[in-house]
Amino acid sequence: MAIIITDECINCGACEPECPNTAIYEGADDWRYKDGTSLDGKLVLPNGKSVDADEAQEPISDEIYYIVPDKCTECVGFHEEPQCAAVCPVDCCVPDDDHVEEKEVLLGKQKFMHPED
Ligand code: SF4
Ligand code: SF4
């Protein structure tokens with residue numbers, strides 16, 4: 001399961017530097033698979049999606065900080081608990097029911113993005 005940021009976000013920015021997968025972006029910013037990962041060029045993700053890691057992707061939100069579901073591992077592989085939720089002052093980082101994944105799948109994502117760790 002990925003984490004999602006709700007519209008209660010106050011845009012404080014505390015979560016962004018805490019994400020080990022660089023899955024959190026400021027509203028209206030472009031995002032890339034390669035940001036903060038070892039991903040590079042054209043590739044197929046573990047979920048079967050073909051992507052270009054270097055290509056700028058459209059922001060998921062224009063108003064508030066957002067999390068890229070394909071990059072979020074709930075911090076599995078790095079930490080015991082989601083770091084964004086741990087630091088968020090208004091508790092608006094919550095499980096995303098639309099992106100439910102088992103722990104093994106989350107660990108597979110983490111290893112795919114960070115094979116050197
Ligand atoms: S749960 Fe962890 S990996 Fe997912 S967005 Fe939050 S800090 Fe990043
Ligand atoms: S820590 Fe919470 S309130 Fe601050 S930017 Fe992140 S999600 Fe928004």
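How much space lies in the largest pocket? In this predicted model, the largest pocket holds about 160 Å³ of space, and a good way to find it in the viewer is to select Asn 47, Pro 69, Asp 70, Glu 101 and Lys 109, which lie nearest its centre among the 13 residues that line it. Colouring that lining by class will show seven nonpolar, two polar and four charged residues.

Next, display ligand 1 and select the residues around it, which are Ile 3, Cys 19, Pro 20, Asn 21, Ile 24, Ile 67, Cys 72, Thr 73, Glu 74, Cys 75, Pro 82 and Cys 84. By class, this shell divides into nine nonpolar residues, two polar ones and one that is charged.

Keep Ile 24, Ile 67 and Cys 84 selected from that shell and add Ile 5, since these four have the most contacts inside the largest nonpolar core, a set of 16 residues. From Cys 84, contacts beyond its neighbours within four places in sequence can be followed to Ile 3, Cys 15, Ile 24, Ile 67 and Cys 93. A second core, separate from this one, comprises eleven residues, and selecting Tyr 33, Leu 45, Ala 53 and Met 113 will bring some of its members into view.

Finally, turn to ligand 2, which is surrounded by 14 residues, the closest being Cys 9, Cys 12, Gly 13, Cys 15 and Cys 88. Cys 15, listed here beside ligand 2, is also one of the contacts of Cys 84, a residue that belongs to the shell around ligand 1. The shell around ligand 2 contains twelve nonpolar and two polar residues, with no charged residue among them.

Technical notes
Residues numbered from 1 in each chain as written. Chains lettered and ligands numbered in written order. Predicted model: local features only at pLDDT ≥ 70, side-chain atom pairs only at ≥ 80, totals over all residues. Heavy atoms only, no water. Near = heavy atom within 4 Å. Nonpolar A, V, L, I, M, F, W, Y, C, P; charged D, E, K, R; others polar. Core = buried A, V, L, I, M, F, W, Y, C linked by side-chain atoms within 4.5 Å. Buried < 20%, exposed > 50% of the residue type's maximum accessible area, 1.4 Å probe, protein only. Contact = heavy atoms within 4.5 Å. 1 Å grid on protein atoms, 1.4 Å probe; cavity = no way out; pocket = protein on both sides within 12 Å on 5 of 7 lines; lining within 4 Å. Points joined across faces, edges and corners; volume = space filled by probe spheres on them.
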